[in-house]
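Visitor: I'd like a close look at one part of this model, please. Could you take me through a sheet and then through what lies around it in the chain?

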Amino acid sequence: MSAAMSSGRPSGRFPAILLSFVFAVIVLGPVAWALATSFKTEVEAVAVPPTLWPSTATLENYLKVFRDQSFLRDFWNSVAYSVGAVALALLVGIPAGYAAARFSFKGKRALMLTILATSMVPGVALLVPTFYLLDSIGLLNSGIVVTIILSARIIPQTVWFIANFVEAVPVEIEDSAFMDGANRFQIIWNLILPLIRPGIAAVATIGIVTTWNDYITVAVFAPDVAKRTLQVALVNQVFDAVGISWSYMMAFVVIASMPVILMFGLVQKWFISGLTAGAVKG
Amino acid sequence: MANVELKAVRKTYGTAPVIHGVTVDIRDGEFVTLVGPSGCGKSTLLRMIAGLEDISGGEIQIGGRTVNSVPPKERDIAMVFQNYALYPHMTVAENMGFSLKLKKAPREQREAGVGRAAEILSLTKLLDRYPRELSGGQRQRVAMGRAIVRNPQVFLFDEPLSNLDAKLRVQMRTEIKELHQRLKTTTVYVTHDQVEAMTMADKIVVMHDGIVEQVGAPLELYNHPANMFVAGFIGSPAMNFLKGRCERGRFLLEDGSALALPASLEHLSSDAVYGVRPEHLVRSDDGLPLTVAVVEPTGAETQVIARHGSQSIVCIFRDSVLPQPGETIRVRPDVSRVHVFSERDGRRLS
Ligand SMILES: Nc1ncnc2c1ncn2[C@@H]1O[C@H](COP(=O)(O)OP(=O)(O)O)[C@@H](O)[C@H]1O
Ligand SMILES: [Mg+2]
């Protein structure tokens, strides 16, 4: 794509640049607004006409967030649920994806399509039945249950991604390792995992983003304050508070988004090469 | 080291039979090539010897032991693949030492093994490189190094040189041959290239559509092909085949021209196919008239593609007088090197 864009004459590239610019403004505008507001005082945040740049920048909002008793607990819950869900998804998805890529068995196609189809059922449709199910067996407000449910949401995509990444590894490499004396487990551990690492980073990132940003699952299945996540806490403020403090809330939003952004930064290199596959060409 | 015996080996994928009962006896230390056109089942057979494919029927023995249900790693075999199949995330040394690492060999032993193989293959300077930093020929050598390190009973090669350019292929051919002469390990080498098969092998197994057409030393196959398939496959350019009839000690072409028959077929009287290699046609004033179509001099010899009626005939001449396209030349087969095949099943009659 970059080659196509840079090869054109400057005048020919102009529409593309303009379009990217507009797109960037649409996407980044609210982010910039939130960031700016988080440094404003409570009064300035709601001033009319609104200011773009905080006239007196303050860290007060951030300090307030960190001083909040429940923040650390909410944060920990968020981390635990999403890391747990992704770990579980990888634990299931790596062997399943490997099997889908390497073994042929009856009904494999149907099975894979079914797995894919489950990810297309809107989560909201399952909310009520799942709620009654969990309620009747007393499993509401369980961190483990929430983690499993979140994991179930990302397992289908994980299996499919991993299967594709494994397929991109030439099977002769495995044959070779068999001849070298490796068993299936050693092959997966020593060869497949290192070779599909970019792919794993990509699915893990997508999984973290999905689960970290989840609101509804946690809000419904773990309504207990002690079990809530940052996302739930954030929304609760809108309802709880007598008056919403926008500047406080934006500081909260920035902090709540930070881990995901950091994660992207960390795995960016792998993420891109994972999405573009070809990661294993000798 | 070990001998390898294939006894009526069969392979079926689902319901599709691919190998229809192959029996071959490979002696200890022998260099055997499996040659045949693409899709004839060479790789499948090799992979069955390796243990990478199940054996649907028959028996494979290595060193006198039946290995039908023995997993690859217990067969004491090493295999080199066409696309090298190196581990991309490991250095050359790690690639070569992987099998020893799996065996939990102590570090010094691993280093010694890798060092020895690297020395044999002149890879010592490349040990810290990654496969992506190597040329095609170097990768091929690493793949061989990985095999040597294991010090196996049998080497298997599956078209190891197909991905190399022509010059490197010839060079590596020699290297592999030298390696075999040095290590004397039983080797089964798959190729679709009959020149490779001829130049490297002690013994050639010619395969076609999942069966063995003939087994023999290179010159044996060249001089006494068992049937038209082997006759046409071995030798380059390919043997000329002329349809006609054996009658009263002569071979009559469809247009009535006559060619000499070997004495052994004097009394034969039936439809047949007359086979003569391009290099066994000599110019002779009383020979078969041919119209020259294309002349291809290569220096040492000249390949002439000519026609007799609708039949195309290839000749190779060593003299320096080149015929011209359109010219009529007369050629006569060297009757001692003529092959006659059954019209019905292609089997050799002479
Ligand atoms: N896994 C497989 N499933 C079904 N058919 C196969 C499989 N592998 C190979 N075949 C078939 O077996 C035949 C022989 O293949 P192969 O041994 O690779 O031939 P060669 O190596 O001589 O080119 C081919 O017709 C091929 O299509
Ligand atoms: Mg093959």
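How many strands make up the open sheet with mixed pairing in chain B, and in what order do they come?

Guide: Happily! The open sheet has 6 strands, and its order is β6-β7-β8-β3-β9-β10 of chain B, with mixed pairing. Before we go on: this is a predicted model, in which local features need pLDDT of at least 70 and side-chain atom pairs count only at pLDDT 80 or more, while totals for chains, interfaces and linings use all residues. Residues are numbered from 1 along each chain as its sequence is written, chains are lettered from A and ligands numbered from 1 in the order in which they are written, and side-chain values use heavy atoms, leaving out hydrogens and water.

Strands here are DSSP runs of E with at least two residues, helices are runs of H or I with at least four, and both are numbered from the N terminus; two strands pair if DSSP finds at least two bridges between them. At the edges of the sheet stand β6 (77-80) and β10 (211-216) of chain B, each pairing on one side only. From one strand to the next, the twist averages 15° (axes are lines fitted to C-alpha atoms, with angles from 0 to 180 degrees between N-to-C directions). The edge strand β10(B) is joined to β9 (residues 203-208) of chain B by 5 bridges, in the antiparallel sense. Across β9(B) and β10(B), Met207(B) stands opposite Val212(B). As a general point, side chains in a regular strand alternate between the two faces of the sheet.

Now for the rings. Rings of Phe, Tyr and Trp (its six-membered ring) pair if their centres lie within 6.5 Å; planes under 30 degrees apart count as stacked, over 60 as edge-to-face and the rest as tilted. Over all chains, the count comes to 17 aromatic pairs. In one of them, the centres of Phe157(B) and Tyr189(B) are 5.5 Å apart and the ring planes stand at 40°, so this pair is tilted. Phe157(B) belongs to strand β7 (residues 154-158) and Tyr189(B) to strand β8 (residues 186-191) of chain B, so to speak bridging distant parts of the chain that are 32 residues apart.

Let's walk over to the ligand. Around ligand 1, with a heavy atom within 4 Å of it, are residues of chain B including Tyr13(B), Val18(B), Pro37(B), Cys40(B) and Lys42(B). This shell divides into 4 nonpolar, 5 polar and 1 charged residues, where Ala, Val, Leu, Ile, Met, Phe, Trp, Tyr, Cys and Pro count as nonpolar, Asp, Glu, Lys and Arg as charged, and the others, Gly among them, as polar. Helix α1 (residues 42-50) of chain B gives the most to the shell, with 3 residues. For polar contacts (pairs of N or O atoms within 3.5 Å; within protein, one must be able to donate a hydrogen and the other to accept it, and residues adjacent in sequence count only if both atoms are side-chain atoms), look at the oxygen atoms of the ligand. A polar backbone atom of Gly39(B) is 2.6 Å from an oxygen atom of ligand 1, and a polar side-chain atom of Ser43(B) also lies 2.6 Å from an oxygen atom of ligand 1. For Thr44(B), an N or O atom in the side chain is 2.5 Å from an oxygen atom of ligand 1. On its own, ligand 1 has 560 Å² of accessible area, and the protein covers 55% of it (Shrake-Rupley method, 1.4 Å probe).

Earlier in the chain, strands β1 (residues 4-13) and β2 (residues 16-26) of chain B pair in the antiparallel sense over 8 bridges. Leu6(B) has Val24(B) in β2(B) as its bridge partner. The hairpin of β1(B) and β2(B) has 2 residues between the strands, and Gly14(B) there takes a positive phi near 60°. A residue other than glycine, Lys104(B), also has a positive phi near 60°; its place is in the loop between α2 (92-102) and α3 (107-120) of chain B.

Further along, the peptide bond between Ser236(B) and Pro237(B) is cis, with omega about -5°, and Pro237(B) is found in the loop between α8 (228-233) and β11 of chain B. Another open sheet has 5 strands in the order β13-β12-β11-β14-β19 of chain B, with antiparallel pairing.
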